[in-house]
Amino acid sequence: TATTEIYTEQIVGSVRCVQETGTWVMVDNMKELAVLRNHVPPREAKRTFFDTLLEKMDQQMRFQSPKELKQSLIGLMNNDQLSPFMKQLIQFRTIKLLEAAQYFVVADFEEDHWRHFALNFDVYTHFTSPIRRYPDVLAVSYTHLR
């Protein structure tokens with residue numbers, strides 16, 4: 001329902017705000033220890049390959065920002081002229097298009113390296129993921145020191 005979608009957007013917005021604010025506090029106060037996770041935009045070679053695949057289907061996708069990528073993908077998934085197989089292929093290739101995210105210590109890189117393309121965050125680290133414990137330990141330890 002529309003109410004559920006609005007409520008979900010509010011929750012996601014709130015979580016995003018807390019995550020980014022908490023991460024900036026950690027970055028500003030612990031550059032030598034703060035661990036972020038970055039995610040670069042798709043590389044040119046991967047975009048060219050994907051563009052060629054889409055051209056063969058008479059389709060196109062925009063990559064300039066995560067928002068454009070998401071909107072393009074939604075448009076393709078809502079295209080009734082594409083078969084379910086083609087839609088599944090596009091989804092799979094979109095995932096393959098993205099680069100692997102990497103962890104790094106803030107002090108080792110300039111700020112322009114910090115961005116997480118897929119999540120569209122300027123700074124991002126994990127606070128709650130059970131499979132990513134080291135950044136969790138750092139973030140929680142820092143909050144207890146404050």
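**Group meeting: three sites in a predicted chain**

Let me begin with glutamate 110, which sits in the loop that runs between strand 2, residues 102–105, and helix 5, residues 133–145. Please keep in mind throughout that what we are looking at is a predicted model. Glutamate 110 has a relative accessible area of 62%, and because the cut-off for calling a residue exposed is over 50%, glutamate 110 counts as exposed. Together with Asp28, Glu111 and Asp112, Glu110 forms a negative patch on the surface.

Before going on to other residues, let me set out the chain as a whole. Its secondary structure consists of five helices and two strands, and if you follow the sequence from its start, these elements come in the order α-β-α-α-α-β-α. The chain has 146 residues, of which 34% are buried, and its accessible surface amounts to about 9,900 Å², with carbon and sulfur atoms contributing 57% of that area. As for the contacts, if we take those between residues at least 6 apart in sequence, 68% of them link residues that are at least 24 apart.

Asparagine 38 gives us a local view of such contacts. Is this residue buried or exposed? Its relative accessibility is 2%, and since buried means under 20%, asparagine 38 is classed as buried. Asparagine 38 belongs to strand 1, which covers residues 35–38. Leaving aside residues up to four places away in sequence, asparagine 38 is in contact with Ala101, Gln102, Phe104, His113, Trp114, Arg115 and His116. For one of these partners, histidine 113, we also have a backbone distance: the two residues are 75 positions apart along the chain, yet their C-alpha atoms are separated by 7.1 Å.

I would like to finish with the backbone, and with two residues in loops. As a general background, most residues other than glycine have a negative phi. Aspartate 58, however, has a positive phi, near 60 degrees, and it is not a glycine. Aspartate 58 is located in the loop that connects helix 2, residues 44–56, with helix 3, residues 66–77, and its relative accessibility of 71% places it among the exposed residues.

The second case is asparagine 120, where phi is again positive and near 60 degrees in a residue other than glycine. Asparagine 120 lies in the loop between strand 2 and helix 5, which is also where we found glutamate 110. How exposed is asparagine 120, then, and what is its relative accessible area? The value is 27%, so asparagine 120 is described as partly exposed, whereas aspartate 58 counts as exposed.

Technical notes: Residues numbered from 1 in each chain as written. Predicted model: local features only at pLDDT ≥ 70, side-chain atom pairs only at ≥ 80, totals over all residues. Heavy atoms only, no water. Patch = residues over 30% accessible without salt bridge, like charges linked within 9 Å, V, L, I, M, F, W, Y side chains within 5 Å. Areas by Shrake-Rupley, 256 points an atom, 1.4 Å probe, with all protein chains shown as cover. Salt bridge = Lys/Arg side-chain N within 4 Å of Asp/Glu carboxyl O. Lys, Arg positive; Asp, Glu negative; His and termini not counted. Charge placed at Lys NZ, Arg CZ, Asp CG, Glu CD. Helix = DSSP H or I, 4+ residues; strand = E, 2+ residues; numbered from the N terminus. Buried < 20%, exposed > 50% of the residue type's maximum accessible area, 1.4 Å probe, protein only. Contact = heavy atoms within 4.5 Å.
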